[in-house]
Amino acid sequence: MNCGLLTNKNEPVPLKHIEVDLQVQGHVATVTSTLQYVNEEAHLLEAVFVFPMPSGAALCHFSARIADQEIVAEVQEKQEAREQYDDAVSSGQQAFLLEESEESVDVFKMSVGSLPPGQSAAVTFIYITELSVQADHSLQFCLPAVLNPRYTPAGSGGGIVSEITSSSSGIPYSLSFTAHVSSPNPITKVESKCPLEPLMFLNTDHTKAKVSLCAGHMFDRDVELYLYYQNPHQLTAIVEAGSPTAQPGTLLGDPVVMVSFYPEFPESVMSSVSSCGEFVFVMDRSGSMSCAMHNGQGAQERIECARDTLLLLLKSLPMDCYFNIYGFGSHYESFFPKSVQYSQDTMEQAVKKVNEMQADMGGTEILQPLEHIYKQPCIPNHPRQLFIFTDGEVENTKDVLHCVKSNADVHRCFSFGIGEGASSALITGLAENSSGHAQFVSGKERMQAKVMQSLRYALQPAVIDITEDWTGLSFTRLSPPINSLFHGQRALIYAQLKGEECQNPDTKGKISVRYRLGDQEVTNTVHFSLKPAEESGLAIHRLGARSLIRSLERDEQDDGADKEALKARVVELSKQSGVSSSHTAFIAVHKGSGQAVKGPLVKRRIPTPMFMAHSMVVNRCMARPMAASAFVTMAAPMCAPMDHYLNVMSSCAPVTASGFHPVVECDGGFDMNPDVSVDTLEAPKDQLLQLVSLQKALGCWEMESTLAEVFGRTEKELIEQIPTQVKPDVWATLLALIWLHGFKIDVQDEWQFLAMKAVAWIRTQKVVNQSECVRVGNALLGCQVKEDALGL
């Protein structure tokens with residue numbers, strides 16, 4: 001029997017199709033997803049789908065259509081909803097339960113109970129989310145297709161997250177996806193890594209547009225959409241009217257305003273770089289880091305890509321800073337007992353250890369190393385900056401984030417989610433709780449570029465001392481205060497507008513945001529009408545409610561908090577706004593003429609699909625990502641022998657106690673050339689990384705044969721061309737700069753700090769015939785780089 005999404009007839013699981021409708025308004029999106037499936041078994045079934053959702057999303061609608069009848073779920077306190085669901089299923093009624101994982105806010109579980117044989121059903125859920133800002137100022141929408149197995153630390157109980165498993169089946173269902181985009185500013189373009197139908201503008205000023213995925217798309221990877229607007233840094237405000245059926249003075253009864261704050265950093269600030277700081281690099285070395293970055297040919301393992309990135313970081317650090325490197329898995333270890341001053345000696349020691357790093361430390365327990373780091377005394381005048389790299393596969397997300405938040409006043413955290421399926425709740429939460437910055441690296445994206453972007457943020461001043469002036473407006477703030485912002489970050493401010501003047505659509509509002517950037521004081525002001533935006537529904541209200549709910553849930557984690565009072569407030573807000581929370585769930589019961597089920601329902605685990613089986617063999621990694629409905633449990637009345645159900649799993653690869661499949665190595669399978677061993681095939685060396693590895697801590701290069709190999713020359717050829725009165729190390733460093741500008745200008749983001757160190761070092765050498773050196777170097781390397789471009 002094949003291992004995968006199967007029924008007891010060895011047929012595919014009944015999920016047939018996923019339909020997604022996306023409605024974008026400026027910086028926020030409303031996502032409507034419909035799952036269509038049919039029970040092809042001869043018994044009543046219970047299906048459990050565990051699926052990912054953006055960590056900042058507000059889940060606000062859940063309904064099911066069975067035959068011609070639609071039932072819409074309501075929000076209830078979680079335990080009450082579970083009890084009602086169990087009662088309905090045991091009495092033969094069709095029931096649906098949708099709840100947030102208690103371990104991580106980006107994982108939801110949907111239970112579909114007592115679906116009759118041959119019956120079809122369509123389940124619809126709607127969530128609202130903020131779009132993330134990218135380095136090129138575009139807004140990204142991501143529809144997660146995969147959810148990785150999450151590691152459960154020893155001694156902790158298993159919850160929804162611990163049920164996530166993997167399989168090797170192909171994706172048996174398709175996806176249709178349509179997006180409608182509207183913006184206060186014109187839309188310039190929409191891009192995606194998936195094939196799109198041509199963009200269709202719906203009005204002459206290009207503020208409304210429609211785009212769809214090409215037909216037949218198989219949902220085997222994340223669907224990402226990149227939206228580009230004119231004037232992205234313009235401060236904007238959108239007012240949304242309250243619900244006419246809600247009581248005035250309540251959250252849904254009053255208007256709500258959303259202010260988009262995305263400051264533009266001047267070049268003078270962008271070019272200033274600090275030389276102080278304590279940089280602590282925390283690297284995931286769990287078993288899942290041995291998985292490939294993507295499913296294409298020549299994909300690096302995650303740990304291999306992480307090693308290359310750490311090398312680049314080490315070479316890019318400024319002199320006089322301090323640093324240390326931690327590796328973590330089921331345990332943790334550090335390169336040095338405490339952070340050390342950056343020098344040629346300490347850098348060489350660290351590079352040697354980085355090259356030896358493997359994904360060999362078991363599970364993913366990140367809490368212990370973080371607690372250890374926070375106990376270390378801070379170094380005066382060297383602010384602590386954490387760089388955390390993980391594929392995000394942890395279960396105790398809330399405990400980790402509480403630890404980070406408790407130490408937010410002594411550090412900033414720059415987090416990196418590696419590979420598809422990384423927990424957005426963990427990665428974004430690490431940054432949000434420490435005034436840092438989060439990045440996700442998936443598919444064929446280069447990790448080095450994103451990490452160097454974050455290093456640039458860490459070395460540059462942030463927007464601080466942020467204050468707001470709401471002239472003449474009475475309001476209640478729904479979102480937490482903004483403490484700091486880095487270049488490329490955007491903040492959305494939500495507030496409930498109060499008073500009679502806010503009910504008058506002719507009234508004008510004014511909001512000013514003041515802040516300090518470096519030694520500059522800046523004020524941004526927006527004037528706006530209180531007339532509500534058209535066709536906005538309650539998307540902004542619900543995102544405001546979500547923001548307030550999350551703040552209250554974080555407050556619950558604080559020592560000494562009145563947890564019962566906070567929980568009651570969360571439940572009240574959740575039920576009032578129709579937005580999910582950690583204490584509520586959506587419940588719907590179809591009170592048909594069901595018959596009571598005799599005996600308990602027996603749940604059968606049927607792993608949902610990841611990617612095609614052959615990609616797992618090639619990558620030799622069983623802990624691969626899985627598709628949107630990332631885990632399915634089927635249950636039927638106990639009318640067949642128990643071992644019949646257990647046999648479904650018996651042919652699958654076993655799962656270890658840590659939650660990871662054992663590595664399976666194959667010596668055949670896809671042998672296209674039997675005369676060549678796979679182990680003897682060496683990937684071509686990355687010339688840029690070779691050059692990076694040769695740079696000294698001070699920023700210079702020395703004349704040596706390995707450097708000449710990068711340039712495609714011999715050491716003798718380089719030495720013969722040295723201009724008079726130029727030392728060999730100066731000549732080598734100038735050639736390295738010319739080569740970078742001549743051959744690697746497309747990845748300048750990755751080597752700009754190396755170049756800055758090199759230029760600073762050359763200036764100390766007082767080169768008298770610099771122009772002659774550049775001319776000879778160009779001729780030797782076959783480049784045409786202008787001297788001014790080198791920054792000398």
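The following exercises, each with a worked solution, concern a predicted model.

**Exercise 1. Helix packing**

Determine how helix 3 and helix 4 are oriented towards each other, and describe the residues of their contact.

*Solution.* Two packed helices are described by the angle between their axes and the distance between the axes. Helix 3 covers residues 302–316 and helix 4 covers residues 344–355. Their axes lie 10 Å apart, at an angle of about 175°. Angles over 145 degrees count as roughly antiparallel, and helix 3 is therefore roughly antiparallel to helix 4. On the side of helix 3, the contact is formed by R307, L310, L311, L314 and K315. Helix 4 contributes M347, A350, V351, V354 and N355. Sorted by class, the residues of this contact comprise 7 nonpolar, 1 polar and 2 charged.

**Exercise 2. A sheet of 4 strands**

State the strand order of the open sheet of 4 strands, and identify its edge strands.

*Solution.* Strands of a sheet pair through backbone hydrogen bonds, either parallel or antiparallel. Here the order is 17-18-28-27, and the pairing is antiparallel. Strand 17 (236–240) and strand 27 (474–477) each pair on one side only, and these are the edge strands. Direction ignored, neighbouring strands of the sheet are turned by 30° against each other on average. Strand 17 and strand 18 (residues 256–261) are joined over 5 bridges in the antiparallel sense. Within strand 18, S260 is the residue opposite T236.

**Exercise 3. Positive phi outside glycine**

Locate N381 and S435, and classify the accessibility of each.

*Solution.* Most residues other than glycine have a negative phi, and most peptide bonds are trans. N381 is not a glycine, yet its phi is positive, at about 65°. N381 sits in the loop between helix 5 (367–375) and strand 23 (384–390). Its relative accessibility is 68%, so N381 counts as exposed. S435, also not a glycine, has a positive phi of about 60°. The loop that holds S435 runs between helix 7 (424–432) and strand 25 (437–441). S435 counts as partly exposed because its relative accessibility is 25%.

**Exercise 4. A loop glycine**

Place G499 in the fold, and give its C-alpha distance to L473.

*Solution.* G499 belongs to the loop between strand 28 (491–498) and strand 29 (508–517). With 37% relative accessibility, G499 is partly exposed. G499 and L473 are 26 residues apart in sequence, and their C-alpha atoms are 8.3 Å apart in space.

**Exercise 5. Cysteines**

Report the number of disulfides in the structure, and classify C305 and C773 as buried or exposed.

*Solution.* The search of the whole structure yields 0 disulfides. C305 has a relative accessibility of 4% and therefore counts as buried. C773 has a relative accessible area of 0%, so C773 is buried.

How values were computed. Residues are numbered from 1 along each chain as its sequence is written. This is a predicted model: local features need pLDDT of at least 70, side-chain atom pairs count only at pLDDT 80 or more; totals for chains, interfaces and linings use all residues. Side-chain values use heavy atoms; hydrogens and water are left out. A disulfide is a pair of cysteine sulfur atoms within 2.5 Å. Buried means under 20% relative accessible area, exposed over 50%, partly exposed in between (1.4 Å probe, protein chains only). Helices (H or I, at least four residues) and strands (E, at least two) are DSSP runs, numbered from the N terminus. Axes are lines fitted to C-alpha atoms, for helices over the stretch in contact, and angles run from 0 to 180 degrees between N-to-C directions. Angles under 35 degrees count as roughly parallel, over 145 as roughly antiparallel, 65 to 115 as roughly perpendicular and the rest as oblique. Contact means heavy atoms within 4.5 Å. Ala, Val, Leu, Ile, Met, Phe, Trp, Tyr, Cys and Pro count as nonpolar, Asp, Glu, Lys and Arg as charged, and the others, Gly among them, as polar. Two strands pair if DSSP finds at least two bridges between them.
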